[in-house]
Amino acid sequence: HNMSTNRNERSDIPRRLATVSIGVPIVVALLSNKNTSYYLTQALHLLCTIEWIKLTPIRSTGACRGNVQNATDDEQSGASGGELTFLENLMTDFSKSKCCVFFPFLSYAVVRCKHPPLTIILTWSFLKLVGTWESSKDTNTDTSDIVQHCQSGLIFLSLGFFHLLRISSSSFVHILLLLFVVWNCDTGALLFGKMARWTSGRTGQLDPFSVMVPRSLILFLRTVSSGKTITGFCGGIIVGTITAMFLPDLMARVWDVDTGLLSDMEIRDLNLIAQERLLDYEEVIFLKGWSVMGRRAVVGSVLSVAGILGDLVESSVKRGAGTKDSGKLFPGHGGMMDRMDSSLISAAVYYGCFMQDYLLSKPW
C-alpha cells in the first residue's frame, strides 16, 4: 500500500507542474486587468460553491462517497450504458435540499454586499427557515447537517471570496503577493512533506519536526488528514515567508519605470511598486519600527499560517464528505476548492491586517 501511494504521489508531480505552468500565467494575466479580474474571481467563486454543495456530510446524504462507493457507482453507470453527465450530477447534488439550490445565490449576495455581518445573519436565518420548512413537510427528513454545511460555507467560502474580490479590485500588486505567498506555501508544504516521507526509510522518523509540538496537536492533524505532517507545515511557512520577503524586490526590478525589463507596460499599480514602495507595509500600525524585511517576514508568516488553517478546514470538510478531493477539475491538484482553500482565510487576514491603511492612503 505504501509503495503504491508513493508511486501515485510521484506520478502527480508532473501533472501538477504542467497544470501550474499553464494555469498561473493565465491567472496572472486575467488579474492584471480590473474588469477581467472581477469576472475571474466570480467564476472561481461559482465553481467553489458548486463543489461545496458536493461536499455535504455523508450522514446527511445517507450515502458514502468514498472510493468504494465511487467504484460501485462507476460499475452501475457502466452497466446502464454510460456515466452520469456533469449536469445530472449537479441536479443530484441540488436535489439533496432546497438549501443547496439557494446556496450559490446567497453566497453571491455575501460576496457582493457592503455589510457582510448583516448579510451573513440574514442568509443564515434564511437557510435555517428553509431547513425547518423541509423537515416539517417530511418528518423522516433531517436536513440539519446540510443547513449547517451551507451556513459554514457562507463563513468560510463566501467571506473569503468577499475579501479576495476587494483585494483584486483594489491592487494588482497586493493580490499577486497574496496568491504567490499562499501558492508557494502549499508547494513548500508538499515538498517538505514528501521529503520527510522519502527519508523516513533511512532515518526511521516519518515527521522529524513533530518533536517541536505537543502530541495532542499531531493526533488532531491525523484526525483531520492523515497525510499532514508538522515537517510539511514548517516547510510551507518557511517558503511562504521567503516569498513575501523577496518577491516585492523581484517585481520592482522587472517593472521599475526607469530600469525594469517591462517598464513600458502599464499594469494597474504594478509600475508604482518601486516608487511608492507599495509592499513595504510602512502604513501598518503594529509593524511600526520594524525593518522592511522584518515587516515582510511577518506578513509572509502570518499568511502562511492562515493558508494552512484554510487547508485544514477544507480537509476536515472533505473528510466528513468521505472524499479525497473536492473535484477533478485540475489534473494532479483536485478541484477548485482544493486550489482556493488556502487563499480564503489568508485573504480575510491580509485585507483586515495589512491593507486597511493602504486603502485609505491609496485610492486606486
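A salt bridge here is a side-chain nitrogen of Lys or Arg within 4 Å of a carboxyl oxygen of Asp or Glu. Asp325 and Lys324 fit that description, with their closest N and O atoms 3.9 Å apart. This is a predicted model, and the structure holds six salt bridges along with eight aromatic pairs. Here's a quick tour, topic by topic.

**Salt bridges**

- Side chains of opposite charge can pair when their charged atoms come close.
- In the Asp325 and Lys324 bridge, Asp325 is partly exposed at 29% relative accessibility, while Lys324 is exposed at 64%.
- Lys228 pairs up with Asp311, and their closest N and O atoms are 2.4 Å apart. That bridge ties together distant parts of the chain: Lys228 sits in the loop between α10 (215-224) and α11, Asp311 sits in helix α12, and 83 residues separate them. Both Lys228 and Asp311 are buried.
- Glu314 and Lys318 make another bridge, at 3.8 Å from N to O. Both lie in helix α12, four residues apart, which is about one turn of the helix. Glu314 is buried, with 0% relative accessibility, and Lys318 is buried too, at 10%.
- Asp249, Asp280 and Arg296 join up in a network of salt bridges.

**Aromatic rings**

- A pair of aromatic rings is described by the distance of the centres and the angle of the planes.
- Of the eight aromatic pairs, one is Tyr38 with Tyr39: it's edge-to-face, 5.4 Å centre to centre, with 75° between the planes. Tyr38 is partly exposed at 26% relative accessibility, and Tyr39 is exposed at 59%.
- Phe102 and Phe126 have ring centres 5.0 Å apart and planes at 85°, so this pair is edge-to-face. It bridges distant parts of the chain, with Phe102 in helix α6 (residues 98-112) and Phe126 in helix α7 (residues 116-137), 24 residues apart. Phe102 is partly exposed, with a relative accessible area of 32%, and Phe126 is partly exposed with a value of 32%.
- Tyr281, Phe286, Tyr350 and Phe354 are linked by ring pairs into a cluster.

**Backbone and helices**

- Most residues other than glycine have a negative phi, and most peptide bonds are trans.
- Tyr281, a member of that ring cluster, has a positive phi near 60° even though this residue isn't a glycine. You'll find Tyr281 in the loop between α11 and α12, where it counts as buried at 2% relative accessibility.
- Helix α12 (residues 292-321) has 30 residues and reaches 44 Å from its first C-alpha to its last, close to the 44 Å expected at 1.5 Å a residue. Just after α12 comes Gly322, with a positive phi of about 70°.
- Ile237, in helix α11 (residues 230-255), has its C-alpha 5.8 Å from that of Ser301, though the two are 64 residues apart in sequence. Ile237 is partly exposed, at 27% relative accessibility.

**Surface patch**

- Ile22, Ile26 and Leu30 make a nonpolar surface patch of about 270 Å².
- Ile26 belongs to helix α1 (residues 2-31) and is partly exposed, with 47% relative accessibility.

**Cysteines**

- A disulfide is a covalent bond between the sulfur atoms of two cysteines.
- A search of the whole structure turns up zero disulfides.
- As for individual cysteines, Cys113 is buried at 10% relative accessibility, whereas Cys353 is partly exposed at 37%.

Methods. Residues are numbered from 1 along each chain as its sequence is written. This is a predicted model: local features need pLDDT of at least 70, side-chain atom pairs count only at pLDDT 80 or more; totals for chains, interfaces and linings use all residues. Side-chain values use heavy atoms; hydrogens and water are left out. Rings of Phe, Tyr and Trp (its six-membered ring) pair if their centres lie within 6.5 Å; planes under 30 degrees apart count as stacked, over 60 as edge-to-face and the rest as tilted. Buried means under 20% relative accessible area, exposed over 50%, partly exposed in between (1.4 Å probe, protein chains only). Helices (H or I, at least four residues) and strands (E, at least two) are DSSP runs, numbered from the N terminus. The expected span of a helix is 1.5 Å times one less than its number of residues. Patches are made of residues with over 30% relative accessible area and no salt bridge: like charges are joined within 9 Å, nonpolar side chains (Val, Leu, Ile, Met, Phe, Trp, Tyr) within 5 Å. Accessible areas come from the Shrake-Rupley method with a 1.4 Å probe; for residues, only the protein chains shown count as cover. A disulfide is a pair of cysteine sulfur atoms within 2.5 Å.
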